[in-house]
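These are my notebook entries from a session spent looking through one structure. I wrote down each item as I looked it up.

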Amino acid sequence: MPRVTDAGAQMTPTVGIRCVVNGKTIEDSVEPRTSLVDYLRHGVGLTGTHVGCEQGVCGMCTVLVDGVAAKSCLMLAPQADGHEIRTIESVAPGEELHPLQEALRDHHGLQCGYCTPGFVMTALALKDSGAACDEATLRAELSGNLCRCTGYQNIVTAVAEFLGVEEHPA
Amino acid sequence: MILPPFEYVECTSIEEVIDALGDGDSDRDARIVAGGTVVVPMMKHDLLRPDVLVSLERVAGLEGVEQSNGEITIGALARHREVSRSESVREAAPMLAQACGLVASPVIRSMGSLGGNLCYGESASDPSPVLLALNARLHVSGPNGTRTVPIEDFFVGFYETAVGPEEVLTHVEIPRQPRESRWTYRKWTPRAREDKPLIGLAATIRPDGAARLAVGGINPTPVLLGSASVRASDSDLSEREVNDIADAAAAEVDPFEDLQGSEEYRREMVRVWVGRVLRALREVEVDR
Amino acid sequence: MTETLHEPQTESPPVGPWIGERVPRFEDERLLRGRGQFVDDFDDSRVLHVAVGRCPYPHASILDIDMSEALAVAGVEQILAGREVAARTQPLSVLRPLPDVPRLPFRALAVDRALYEGHPVVSVAATSRAIAEDALELVDIEYEPLPHVVDAEAALEPTAPQIWDELDSNLVVHNPRIEGDVDGALSRADARVADRFAIGRVSALPMEGRAIQAGYSPGISTLDVMVSTQIPHMFRLQLAEALEFREADIRLRAPDVGGGFGLKLGMYPEDVVVCLHAIDLGCTVRWIEDRMEHFRASTHAREAVHRAELGMNRDGTIQGMRDRYIIDMGAYNSPFGPPMLSSLMFPGPYRVRDCEVDRRVVATNKTPVGAYRGYGQPESNFVREILVDRAARSLELDPVEVRRRNVLRPHEMPWTNAGGAVYDSGDYLRPLEKAIEAIDYERVRAEQRQRDGDSRRLGIGVASFVEMTGYPGSRFLGKHGAAYGAHESVTLRANRSGGIDLYTGVATFGQATETTFAQITASVVGISPDAVAVHAGDTLGTPYNVGSFASRTTIAGAGAILAAGNDLRAKVLRIASGFLDAPVDALDLLDGSVVVLGAPQRRMALADIAAEAISGHHLSANEDPGLESTRYFDPPASAFGNGTAAAIVEVDVATGIFEVLRFVIAHDCGQQVNPALVEGQLHGGLAQGFGAAFFEGLQYDQDTGQMLNGTMVDYLVPTAADLPSFEIHHADVPSPVTPLRNPWGRRGRNDSARCRRCQRALRCARTVASRDQSTTAHSGVVVACDRRSRATPTLGFRQGGSDVKFEEVFEVSAAREKVWEFFDLEAERVGMCIPGAEEIHSLGDDKYRLKVAQKVGSMGATFDLRARIRDRQPTEMMSLSATGRSIKGARGDVRATAVVSLEDKGDGTTIRLDADVALGGMIGSLGHKVIAQKAEEITRDFAVALGESMTSWTAAS
C-alpha cells in the first residue's frame, strides 16, 4: 500500500506480479520491500505460514516454490513472479489429513504448532527430492527448521516414518 | 523488521544490469540481488539500506555449470545445491561440490547462489577458500567491458571484493586440476549446525607436490596460506614437517575476533586443523 | 519456615480409563493444517499497526523528542511518548515479588531516562507496520548517554553508576538464609570443594514472539484484547491496574500461542501502549514483536554468579553446603522475575541439614530478567551437582555411589529441606538406579579408563534432581506477596449433544491442556474424551484462573475438574434416577449413558439427561434446572517431581569438539495423564538445557554496554542435527498431595530438571582440551574449561567491542594561542575536517549538528550527529561529546567524547587528540579489529586535514 508522503517516507514504484498460489493464479501489484511471507499472509490471506525470525534461520516461513523448499522471509514478493507456490493450506484440502500430518499427530510431533507448517513443507520437499536416506542425514536436512517445544525427537520419528527412513533405536 | 523502501529493477541481460547499477547520481546506492540469502538478511540486520535492488533472477547466461576439457565454468547464479550435485563439478573439482554442500542449511543452499556468496566478500564463506585453493578466475562485467580477476586478487578487504559498484560477477572459472591431486575441505563450527564456519580450510596437493592451502573465517578476508603451502615430494610428509607447516600457518594468519572466537583461539584452530588436514591428505589413496 | 502438609482432599477418585492413555491431541487437527489462530493470523483489514522506538544505549537521558516530521507522514495516526503515558497510567505491576524488594516503578514508555538497550521510548500507530517503521526513523530523539554497568558484580562496586534513585546502591535486595550450623559442618568435613559459577544469560526464545491486539469503541467502553500470553486472567488484572480501567470492562483472550516457557508471563510495556492507542483512536490496534526486538525487549533469564561450597565426609555423605549468589536482574523487576527458587531448592534430593543460601539481586543496565523453565532451579541444580562430583572426586569416591548415599529415601518423607520446601513423597533412588542401569555404568566407566590419554576421550555425567512444581496453597502465596492464588478453576457444562463443555481461563501454548483436561473430565464423568470440548484462554465466560507456569496447571486443574465433574456426575445420577425409577446407588454413568446396574437395557443417554436438565420440564421439585458446575481447587501442597539424568560424551581434546553418544533421563512425575505429552515436555526441556549448556548465551560488550549477539544468526538454539535422541525411563511414584492420587497421584512434569540436568550432565561429561589440566585415574571427568575462553558456555569466546579509544599527536608550526583561536572560533571548519564530513551547522550555545559518511568494506553509513563543546580551558584544552545515529546505509548509533590538548613545542604547538568512540547497533558488532583499524585511519586523516586547514587559515588571517 504505497502512500504519497509530504516528508520523509519515500515513494517507490510497485511491481506487478503474476504467480500461482496453491493452484490459484494471482495477479497483483506489490511494494518490492514486502517479503513473500508477509504477502502470502496478509496480501493473499494464507496465514498458515508463519514468521519467526525474518533472517532465514528458523524455517517457520518455509513454502514450496516450484516444488523446492524455500524460506519465504528471504524472498521479496516480486520474486514470486512466474513461479508456483504451495503453502501448508494446500497439503490437506479435504477432510483427511496427509499421511505426513497423520504421522506427526500419531507421534506427538507438535506442541504449540507454530513451527509445524514449516516442517511439513520441508518434509514434503524431501520426499520429492529423495535427499534423506538415514537418520543423521534426515536430521541434517531438517536443521533449517527450528522447534523450541519438542526437542525434535518426535518430529524426526514422524518424518522418518513418512519418508521410509530407518531410525536409530532410541 | 520491515525493510526500508527501495526500487526494484528486473533485468533480462547483463547490459541492463550494468545500466541499472550506474543509473542516477553517485549518492544512489544500487545493489544486486540474486537468491537474496545474503542481501536480504543484511538488509534486515540494517547493514545495508540500498536505494535500488537490481535483480539478476531473469538475466540470461548466468546459470549452469559447464565443463570443457576438465575446466569448469559456473554461472554466478548457480545455486549452491546445484553446484554440489553437479556431475561435472564432482568429477573435476570435487572439493567445491563438498564445500557448496555445506553452506548454511539445506533450504538456503537451494536458494542462495555461488555468486552472491562470493560477492559480499564475507570471510566465513565455504566456497571462497576452496576457490582460492583451486586458483579460480572470476569474470566480471561492467561499464568498461569485461575483465578477469584472479581469485587471489578478488577479496580486497573486510566485506569488500574487487567487484566495483557498477559491475557484476558473471561466472567463475576453475582451471583444470591435475588428476591424482589430493584434496580436502574441512569446515568447523564450534557451535550449532547452522553456524558460519569458524574455520573453513581447503587444501589441495598436486602430484608434483605443490600445495595450496586456503582458509576462510579466520582473517578478515578468505586467504591463501602462502607460507604454509609447501613443496612436498610424493613420499609422505613427516610428522615433524606437518607440525612445522601447521605452526607456520598459525603464525601467518591475522585473525579477527568475534563472538565465535577470540584471536588466539582462531590462531590455535588454524594450527590444529592445518595439521589434521595434512595428516588426512597423507593417508588419502588417490583415485585413478 | 516449615510448611505443614494438609490433609489430602476427600473427593472420590476418577473412575474412567483415560488417565494414562496416549490420547492424540485435539489441538493437532487445526495446527497441522496451518489453521491455528495466532494473534497475527486474525484479519487485519481494519487494524492499525504499531512500531516501537527503543533506546539504543544501555543507559541514557532522554533530552528531547521531536515527532513533528514523523507525524506528517501520511498514514501515521498517533505517536506516544513517555511523559504523556506516565500521566495516564500506573507503573507495571509485579505479580511475584521477591521478599522485601522496594518498588521500582516500571513505566510503559521511558520518561526522562532509559535504563536498558531496548527500553521502549516512543510508539507509533499507523495504517501499516511499514509506515509505522518508516515514521519511527523520522522521530528525532536526543539522547545523552550515561555511564552504564552491564555486569552484576561490577554493579556492586561502590564506583559503579547507580541506576535507581529508590535504592542506596544497585543492590535490589539481599535474602540470606541459614539452616543449621553450616560453618561447623563444613569445618568438620573431610573434603571441601568450592568454586565460582557464572551462569549465562539466555532467552527463552519461543518461535512466536510477543503479540497483542486491542480494540476499543468509544461509548461502549469495553477494551477487547487478544494477546499471546500464558496467563489471560492475570494479564487482565495487570492491564486494569495500569490503565486505571475497571477490570470488568476488559475482555482478554489468548488465542493459539506459539510457545511461552515463562517469557509470556504477564504484561509488558508495549501492551499498555497498544491499549492506549486503541482507546485514543477508538479502533483496533495491533503490535507484533519482531525477532530483533524480541532479543532486547522480552525478558531474559538465568544470569547469575554463584559462589558455592560443599563439604563431604570420607563415607560420601554431604556435610554442609552453601551458595552465595548474585542474580543479574537487569534494569527492572519484571512481573515474574527474577527467579525465586534457586535458594529454596539448592539442597536438591539430598539429606542435608546444614545449608546456607544467600541471594543478592542486583540491577544492571540490561533487559529485565523473567521466568524461564525451572524458575531458578536449573541454576542451583547445576552448581550443586558439579560440587557433589568434585567432592566425590577429591575423596576418590564414585559419584554415583555418593549420590546413593545421600538421596532421601521414601521412609524419610515428608522431608522439609533446608530451604523450607516440604518434599511430599518420592523414591529418589529409583530413577538414579534406572539411569545408571540404562547407560550400563560399570562398563562405560571401564571403557572410559581405557581411553584415558586418547585424543578422543569419554566423559560420563550423572545428575540427580528434585523439582518443586505448583505452590503449597493460596494462603502460602498470600503470605509471600504474590498477586495470585495457587488454585485453578473450571466450569463444566453438559450439552444436549451428549458431551460436556469445559471452560477454563488457562491458555494453551503447546502443553495440550485441551487434551489433558478432556481426558481427566472424561475419566471423572464417564464419557469419551472426544465428547469434551475445551474452551480455553478467554476471560469472557471462564472462571478466574491463575495461569500456566510452574508445571501447575494439570495438578490444580485436575482438582477442579474432579470436584466439578463429581458434582455433575451426582446430578446426572439424581436426574436419571427419577427417569429410570431406580435408586442412585443402583446406577452407573459409563460411555455417555446412565445404566441400571444388572439391567443394562434400562438406560438413559447423557444427551437426554442434559436436555431434561436444561428444559426443566420434568425435574423434581427440589432440583434446579441446569447441568453444570464451577469449582475451584487449591492444592494443599507443592508436588515434587524428581529424577536422574546421565550422559555419555565423547570429546576431541585438541579442539573441544564433542558428541553426545547417549543421553538418558529417568523421571518421576507421579501418575502420568498422557504419557506422550510427558515425554514431549521432557524432550523440549532437555533441548533447552542443551542449548543453554552449549549454544546459547547473550553477550554484552562491557565498554559499550551493548548486546552483541541479539540476532538468530548469532544466538543459536539447537537444531535437529545438534541433538541426540533422548532416552526416557519412567519411575513413577504417586503423590499423596495431588488430586489424582493413588493410583493417580501426579506430580508436575519437570521443567528445570530436564533443562539443567541435561546441562549439568553434559558439562560434567565433557572433557575438554587443556593441557594444563590433569584428569584423575578414576573418572576422567573434567568440567568444561577451555583455558582460552573467558566466558562459558561458548568455547573460545572473548568479548570483542566496538568501543575504540585512540589518540593522535601531531605538531603544527603555529603558536599555541593561534591554534587555540582556530579551535575556538572555527569550530565548523574543524568539524568539516572530520573525514567524511558532509555538512555542519551551529545550533548556538556551543552545540553543533553535522553529517558524517563513512564506510567499512562495502557497508557504509551516514551519521547525523549532535556535538557539544563541554569544557574549555583557554589555550590549553577543549573537551567535546557527540551522539548520533545513522540516517543512511548501515544502521547504528554513535557516541563519542574527545579532548583536544595543546602544548608548546618550540615556536609551534603539539596538538593531542584523545578520543573514545563507541559504535552501537549492528555495525558495532562486526568485529573490533576492523573498526579499530578504520578508526585509526580516520584519526590520522583528521589530523592531516586539521593541519592543512589550520595552515591555510593562519596564512589567510
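Entry 1, chain A as a whole. I began with burial, and I noted that buried residues account for 61% of the 170 residues in chain A. I keep in mind throughout that this is a predicted model. For the overall extent, I took the principal axes and found that the C-alpha atoms of chain A fill a box of roughly 65 × 30 × 25 Å. I then listed the secondary structure, which in chain A comes to 5 helices and 5 strands, and reading along the sequence I wrote the pattern down as β-β-α-β-β-β-α-α-α-α. Looking at contacts in chain A between residues at least 6 apart in sequence, I found that 59% of them join residues at least 24 apart.

Entry 2, the domains of chain A. How is chain A divided? I recorded domain 1 as 15-90 and domain 2 as 99-163, and the centres of these two domains of chain A, taken over C-alpha atoms, are separated by 21 Å. I noted that 14 residues from domain 1 of chain A and 13 residues from domain 2 of chain A take part in the contact. On the side of domain 1 of chain A that touches domain 2, I found that β3 (62-65) and β4 (68-71) each supply at least two residues, and that β3(A) gives the most, with 3 residues. Sorting the residues of that side of domain 1 by character, I counted 8 nonpolar, 6 polar and no charged.

Entry 3, two helices of chain C. I next looked up helix α11 (residues 377-394) and helix α12 (residues 399-406) of chain C, whose axes come within 9 Å and cross at roughly 115°. I therefore entered α11(C) and α12(C) as roughly perpendicular to each other, and I noted that α11(C) passes α12(C) in a right-handed crossing. From α11(C) the contact is made by C:Val388, C:Asp389 and C:Ala392, and from α12(C) by C:Pro399, C:Val402 and C:Arg403. I divided the residues of this contact into 4 nonpolar, no polar and 2 charged.

Entry 4, one residue of chain C. Is C:Leu237 buried or exposed? I located C:Leu237 in helix α7 (residues 232-243) of chain C, and I entered C:Leu237 as buried because it has 22 C-beta neighbours inside 10 Å, where the cut-off for a buried residue is 20 or more. I also looked up the pair C:Leu237 and C:Ser93, which are 144 residues apart in sequence and 9.5 Å apart in space, C-alpha to C-alpha.

How values were computed: Residues are numbered from 1 along each chain as its sequence is written. Chains are lettered from A and ligands numbered from 1 in the order in which they are written. This is a predicted model: local features need pLDDT of at least 70, side-chain atom pairs count only at pLDDT 80 or more; totals for chains, interfaces and linings use all residues. Axes are lines fitted to C-alpha atoms, for helices over the stretch in contact, and angles run from 0 to 180 degrees between N-to-C directions. Helices (H or I, at least four residues) and strands (E, at least two) are DSSP runs, numbered from the N terminus. Angles under 35 degrees count as roughly parallel, over 145 as roughly antiparallel, 65 to 115 as roughly perpendicular and the rest as oblique. A crossing is left-handed if the near helix is turned anticlockwise from the far one by less than a right angle, and right-handed if clockwise. Two residues are in contact if their C-beta atoms, placed from the backbone, lie within 7 Å. Ala, Val, Leu, Ile, Met, Phe, Trp, Tyr, Cys and Pro count as nonpolar, Asp, Glu, Lys and Arg as charged, and the others, Gly among them, as polar. A residue is buried if 20 or more other C-beta atoms lie within 10 Å of its own, exposed if 12 or fewer, and partly exposed in between; C-beta atoms are placed from the backbone. Domain bounds come from an automatic or database domain assignment.
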